[in-house]
Amino acid sequence: MALKCQKIFITYGRFQPVTWGHENSFNAIKSAADKAGCDYRIFISHTNDKIENPLSQDVKLAWMKLLLPDHAKKIITINPSDPQTCVRYCMTASKDIPHDYDECVYMVGSDRVNAMQYLHKYNGCNPKATVIDFSMKHFEVLSTGQRDADGKTFSISGTKMRNWAIDGDVKEFTKGLPKGNRLGYNDITDFMKAIKKGMGYSVD
């Protein structure tokens, strides 16, 4: 691959569902990318089950674009997906990726930075790489800040949002949504029903 000195900032997650905590992280990624004069992308996973991942990838994508208007054009899906596959995807221009990137900054919550260092072993440009899965001239994992948007003990989490959807608690569920959303009451309750249905519960 030709080294074109193109850098992209990315993140990847389940977002089941997306919350204001995730939005804060996305804002941090956008800010870092803008400061570096680079682009960014938000990859969403394909994982789908009735326990912790009730929204299918296509349904999740549609809702995230509505809930995050400032980031809507940067949210993409690939299937199957995992962090290293997302990095590799950025190496070839496509409808979602404008350049053949050869530098990547992977951003996650501060509590996950150490855990995600394993990605370095997939970089063929790393002399110590044990698995060559992608080959970025420069690759690093950085923090989006002191937060964990999915942690069960934090002020907002996907777990809390799913429980509010099951309980029909529109007030609390609404508080947990990204602050930049422009959804009305009916849209929000429809979103709650989609989550509840995905978890196997009956909806009105």
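Read from the N terminus, the elements of the protein follow the pattern β-α-β-α-β-α-β-β-α-α-α. This amounts to six helices and five strands, all described here from a predicted model.

A good place to start is the sheet. Its five strands are arranged in the order E3-E2-E1-E4-E5, forming an open sheet with parallel pairing. At the edges stand strand E3 (75-77) and strand E5 (138-143), each of which pairs on one side only. Neighbouring strands of the sheet are turned against each other by 30° on average, direction ignored. In general, the strands of a sheet pair through backbone hydrogen bonds, in either a parallel or an antiparallel way. Here, strand E1 (residues 7-13) and strand E2 (residues 39-44) provide an example of the parallel sense, with six bridges between them. Within this pair, Tyr12 is found opposite Phe43 of E2.

Helices pack across these strands. Helix H1 (residues 20-36) lies across E1, E2 and strand E4 (103-108), and its direction makes an angle of about 170° with E1. Helix H2 (residues 57-67) lies across E2 and E3, running at about 175° to E3.

Towards the other end of the chain comes helix H6, which spans residues 185-198. Its 14 residues reach 20 Å from the first C-alpha to the last, close to the 20 Å expected at 1.5 Å a residue. Which residues of H6 are buried? They are Ile188, Thr189, Phe191, Met192, Ile195 and Gly198. The cover over these buried residues of H6 includes H2, helix H4 (158-167) and helix H5 (170-176). H2 thus appears twice in the picture, lying across E2 and E3 and helping to cover the buried residues of H6. Just after H6, Gly200 adopts a positive phi of about 90°.

Finally, it helps to step back and look at the whole protein. The C-alpha atoms fill a box of roughly 55 × 30 × 30 Å along the principal axes. The radius of gyration is 17 Å, which agrees with the value near 17 Å for a compact globule because the protein has 204 residues. Of these 204 residues, 48% count as buried. The protein exposes about 10,000 Å², and carbon and sulfur atoms supply 50% of that area. Contacts also link parts of the chain that are far apart in sequence: among contacts between residues at least 6 apart, 68% join residues at least 24 apart.

Terms used. Residues are numbered from 1 along each chain as its sequence is written. This is a predicted model: local features need pLDDT of at least 70, side-chain atom pairs count only at pLDDT 80 or more; totals for chains, interfaces and linings use all residues. Side-chain values use heavy atoms; hydrogens and water are left out. Two strands pair if DSSP finds at least two bridges between them. Helices (H or I, at least four residues) and strands (E, at least two) are DSSP runs, numbered from the N terminus. Axes are lines fitted to C-alpha atoms, for helices over the stretch in contact, and angles run from 0 to 180 degrees between N-to-C directions. Contact means heavy atoms within 4.5 Å. The radius of gyration is taken over C-alpha atoms; the globule rule is 2.2 Å times the number of residues to the power 0.38. Buried means under 20% relative accessible area, exposed over 50%, partly exposed in between (1.4 Å probe, protein chains only). Accessible areas come from the Shrake-Rupley method with a 1.4 Å probe; for residues, only the protein chains shown count as cover. The expected span of a helix is 1.5 Å times one less than its number of residues.
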